[in-house]
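Welcome! Please take a look at the model below, and then let us walk through it together.

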Protein chains: 2
Amino acid sequence: MDLTEKKLTGEQVYTGGFIKVQLDRVSLPDGKIAWREYIHHPGAVAVLALLDDGQLLLERQYRYPAGRTFLEIPAGKIDPQEAPLQTAQRELLEETGYRAANWFYLGKAYPCIGYADEVIHYYLATSLRAGERQLDEGEFLEVLTVPLSEVMAMTLDGRINDSKSLVGLHWLAAWQRGELRCEAL
Amino acid sequence: MDLTEKKLTGEQVYTGGFIKVQLDRVSLPDGKIAWREYIHHPGAVAVLALLDDGQLLLERQYRYPAGRTFLEIPAGKIDPQEAPLQTAQRELLEETGYRAANWFYLGKAYPCIGYADEVIHYYLATSLRAGERQLDEGEFLEVLTVPLSEVMAMTLDGRINDSKSLVGLHWLAAWQRGELRCEAL
């Protein structure tokens, strides 16, 4: 069955500092007309940064929409004209101060398929070297290093419940078990 | 370090059919002022529906924002005044036609902590009985049953890359290994 919905007309109905809402009129598989309202997003990256001693870099960050702090893997939005790998390297350095000698591509995931076009590219970074972090103005976050086995326990007991991080850690665990091959970059 | 950001003023700057954008003026940990723009969402549920023969219920659905179909676990938004378990039971029945005798709570996850307050509650449903599905007007989706081992392989080879589903399957795999205890409802 062809489930495709075809765009008839559309406009950007809200343009904020970051959020852009698109409202399109579409034809459904049965020929009927419907409206589709969604966020246009530039895409993002997330980094599984694994230290030589088996610890993983995590961040604790206050997230205003949910009104609480979260434990997360490093991540950030792709800037205009930036390749996703560049974003990953830039965000890791800015947020944690670490540089990695080895980068691997783990895969991509769509965090909000119901109302956003965002895609997140996941990278594994190894052979890390610590340095000075370069936070953006108005960015506050703590960097933690946690043994990977403990991080995996955190994905199951509620300490990590940011979906972006849970997906990355699902793939990192599979990579560790030899079930996920990833591409060296 | 206290990372809390305090709301000073705020308003709903866009009110669409479903998407509501909130723009708040906040004070940062260093006392500076910033703006926070985000989507207000009613919350959602997702269901790991495991048949007696070890197959899992999946759906294939066209998602207009990304312009493609996705393989997903059943899920849906919480209606006003609805308890999350009720939503889970209603969505499973509407979208797949199945009713479950046993329900377990697996946990909650936040799909878009950067720009939405959405939380997704995850349920495991077992002792399933097939029936007639009751799709909403304008809702088109295919229901599949796939052996769980195959579903887990799909989380690693790109066939499943919806984050909501990947998180649920990470927890379901841990539950199968006896590493995640879940609450019977």
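## Where two helices cross

Helix α3 of chain A (residues 163-176) and helix α3 of chain B (residues 163-176) have axes that come within 9 Å and cross at roughly 60°. Here axes are lines fitted to C-alpha atoms, for helices over the stretch in contact, and angles run from 0 to 180 degrees between N-to-C directions. Helices (H or I, at least four residues) and strands (E, at least two) are DSSP runs, numbered from the N terminus. This is a predicted model, in which local features need pLDDT of at least 70, side-chain atom pairs count only at pLDDT 80 or more, and totals for chains, interfaces and linings use all residues. Residues are numbered from 1 along each chain as its sequence is written, while chains are lettered from A and ligands numbered from 1 in the order in which they are written.

α3(A) and α3(B) are therefore oblique to each other; angles under 35 degrees count as roughly parallel, over 145 as roughly antiparallel, 65 to 115 as roughly perpendicular and the rest as oblique. Ser163(A), Lys164(A), Leu166(A), Val167(A) and His170(A) meet Ser163(B), Lys164(B), Leu166(B), Val167(B) and His170(B), where contact means C-beta atoms, placed from the backbone, within 7 Å. The residues of this helix contact are four nonpolar, four polar and two charged (Ala, Val, Leu, Ile, Met, Phe, Trp, Tyr, Cys and Pro count as nonpolar, Asp, Glu, Lys and Arg as charged, and the others, Gly among them, as polar).

## The wider contact

Between the chains, 56 residues from chain A and 56 residues from chain B take part in the contact. On the side of chain A that touches chain B, the elements giving two or more residues include β1 (6-15), β8 (99-109) and α3. That side divides into 33 nonpolar, 12 polar and 11 charged residues.

## A closer look at α3(A)

α3(A) is largely enclosed by the rest of the structure, because 11 of its 14 residues are buried (20 or more other C-beta atoms within 10 Å of a residue's own, with exposed meaning 12 or fewer and partly exposed in between; C-beta atoms are placed from the backbone). Among the buried residues are Leu169(A), Trp171(A) and Leu172(A). Just after α3(A), Gly178(A) has a positive phi of about 80°.

## Chain A as a whole

Chain A holds three helices and 11 strands. The C-alpha trace of chain A spans about 60 × 40 × 35 Å along its principal axes. Of the 185 residues in chain A, 38% are buried.

Notes: Two residues are in contact if their C-beta atoms, placed from the backbone, lie within 7 Å.
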